[in-house]
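Work through the exercises below with the model open beside you. Try each task before you read its solution.

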Amino acid sequence: MSDVRLPAGLAEWLQQRKVRDVELAFADVHGFPRGKTLPAAAFIQGQQLRIARAVPLQSCIGEFPDYSYYGEHDPDVTLAPDYGTLKAVPWARTPRALVICDCIDHDGSLSPLAPRSVLKRVLERYAARGWTPIVAPELEFYLFAAHEDPARPFQPPRLPGGRREAGFDAFGFSALGELEAFFDELYQACETLGIATDTCVHEMGPSQFEINLKHGDALKLADDTFLFKTALKEIGQRHGLSAVCMAKPLPGQPGSSMHIHQSVVDQAGRNVFSGAGGSESQVFFGFIAGLQRFLPELMPMFCPNPNSYRRFVKGMAAPVNLSWGLDNRSVGLRVPVSGPEARRVENRLPGCDANPYLALAASLGAGLAGIEQGLIPDEAAHGNVFKQQAASLPATLDAACAAMAAGCAESLFGADFSRGYLAVKEVELTDYHRQVSTWERQYLGFLV
């Protein structure tokens with residue numbers, strides 16, 4: 001028990017809704033929710049929970065890197081609830097709530113291993129300048145039929161009319177209408193979770209969709225994206241669907257991205273990317289230059305899995321460069337047409353498999369480094385960059401991790417996180433390279 005007490009009104013909110021349990025949750029390095037559940041009465045009384053400090057570094061195969069990356073004696077962290085994130089769990093049958101937590105080390109500081117800590121520390125550097133980053137993620141995902149056998153390809157679901165999507169139905173309404181029950185429940189969940197959504201479209205792939213979140217404070221949007229992806233999975237299962245956020249789940253079809261729109265405002269709410277006369281400011285150009293300079297060294301934070309790099313195919317609207325340009329979708333850094341107050345930079349590099357806290361930390365951290373160092377970007381690109389330039393980014397996770405290990409990550413995010421994150425990737429890549437694929441069996445099994 002502790003002397004921690006809930007802010008006024010939250011105990012009554014839990015009691016009125018007859019909430020039985022509260023999930024104390026945080027995102028691991030993959031963006032997967034982890035934590036512990038506490039009876040609501042104990043949560044109201046201020047009971048604190050602890051969890052192993054290593055948990056944020058759990059790999060996608062369930063293994064952990066060496067103890068040296070999180071403490072030789074395998075210590076705990078305290079789960080500190082951010083009470084502003086306390087929400088009802090929309091998919092729970094018995095009333096349940098969740099709250100997003102920070103992981104706190106024994107000395108009272110944020111654990112450097114937790115993705116939310118990494119983003120908060122980048123945002124502190126903006127706050128020291130009197131600035132607040134404003135972001136808006138665009139989330140693409142596929143809805144497949146329930147999928148139990150990883151040896152078999154994903155399949156679009158059979159729609160109520162009896163068909164399965166086979167061709168491109170980009171920006172059509174038919175599948176949205178036929179999947180109305182799923183989308184209705186998803187939007188209701190977003191309202192319950194306080195997630196402000198914007199446009200929804202059918203994307204280029206069969207049963208591929210995109211939902212955009214409305215712009216706002218970067219930490220709030222990271223939390224919202226974390227909860228949105230969790231809701232997507234949970235509600236998909238309730239409707240017999242597999243909601244898949246892999247970067248490239250289907251060969252020959254478009255991948256799924258998480259484009260991030262970014263701007264920065266001062267204490268008066270003015271967009272610092274625009275000067276007094278409305279033209280682009282030096283801050284704007286420095287931000288772009290920082291992205292161009294440092295993003296190649298931070299690719300594992302945007303594209304964290306071997307599959308992530310299958311998305312980068314010329315002609316499928318996935319960037320293979322870090323050129324920038326006005327209203328140009330062939331560049332990695334797109335500046336949409338807007339007025340001075342809405343001037344922003346769209347980072348088209350992240351896949352939908354990226355952890356939103358880490359993708360935002362990397363993008364905003366790189367941009368701020370460019371501003372701090374007075375960097376100057378390349379000239380804006382014109383025309384189709386796919387036809388003009390060769391790929392200028394790491395093409396595999398192995399190469400991306402090597403670039404990150406030799407690059408700016410430790411100076412931006414600290415050695416504890418950077419080395420621990422790369423150790424997780426090493427665990428996963430070691431297992432990945434041990435596998436024998438269908439392609440190898442099909443084409444190499446009969447060689448003499």
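The exercises cover empty space, salt bridges and a surface patch.

The model is predicted: local features need pLDDT of at least 70, side-chain atom pairs count only at pLDDT 80 or more, and totals for chains, interfaces and linings use all residues. Residues are numbered from 1 along each chain as its sequence is written, and side-chain values use heavy atoms, with hydrogens and water left out.

**Exercise 1. The cavity**

Find the largest cavity and describe its lining.

Solution.
- Start with the idea. Rolling a probe the size of a water molecule over the atoms shows where empty space is left.
- Fix the terms. On a 1 Å grid over the protein atoms alone, a cavity is a set of points where a 1.4 Å probe fits but cannot get out; a pocket is an open set with protein on both sides within 12 Å along at least five of seven lines; lining residues have an atom within 4 Å of a point.
- Search the whole structure. One cavity of 30 Å³ or more turns up.
- Take its volume, the space filled by probe spheres set on the points, with grid points joined across faces, edges and corners. The largest cavity has about 60 Å³.
- List the lining. Among the residues are Phe26, Ile100, Asp102, Arg116 and Tyr357.
- Assign elements, where helices (H or I, at least four residues) and strands (E, at least two) are DSSP runs, numbered from the N terminus. At least two lining residues each come from β1 (21-27), β6 (96-104) and α3 (115-127). The largest share, four residues, belongs to β6.
- Sort by type. Ala, Val, Leu, Ile, Met, Phe, Trp, Tyr, Cys and Pro count as nonpolar, Asp, Glu, Lys and Arg as charged, and the others, Gly among them, as polar. The cavity lining has eight nonpolar, no polar and two charged residues.

**Exercise 2. The second largest pocket**

Which residues lie nearest the centre of the second largest pocket?

Solution.
- Note the volume of the second largest pocket: about 930 Å³.
- Count its lining: 41 residues. Glu138, Glu210, Asn212, His261 and Glu346 lie nearest the centre.
- Find the main contributor. The strand β7 gives six residues, the largest share of this lining.
- Sort by type: 15 nonpolar, twelve polar and 14 charged.

**Exercise 3. Sharing a partner**

Which salt bridges does aspartate 102 form with arginine 116 and lysine 120, and what do they tie together?

Solution.
- Recall the rule. A salt bridge is a side-chain nitrogen of Lys or Arg within 4 Å of a carboxyl oxygen of Asp or Glu. The structure holds 19 of them.
- Take the first pair. The closest N and O atoms of arginine 116 and aspartate 102 are 3.0 Å apart. Arginine 116 lies in α3 and aspartate 102 in β6, so the pair ties together parts 14 residues apart in sequence.
- Take the next pair. Lysine 120 and aspartate 102 have their closest N and O atoms 2.8 Å apart. Lysine 120 is in α3 too, so this pair ties together parts 18 residues apart in sequence.
- Widen the view. Salt bridges that share partners join Asp82, Asp102, Arg116, Lys120 and Asp223 into one network.
- Check exposure. Buried means under 20% relative accessible area, exposed over 50%, partly exposed in between (1.4 Å probe, protein chains only). Arginine 116 is buried at 4%. Aspartate 102 is buried at 7%. Lysine 120 is partly exposed at 23%.

**Exercise 4. Tyrosine 443**

Is tyrosine 443 buried or partly exposed, and where does it sit?

Solution.
- Locate it: tyrosine 443 is in helix α14 (residues 438-444).
- Read its relative accessible area: 47%, so tyrosine 443 is partly exposed.
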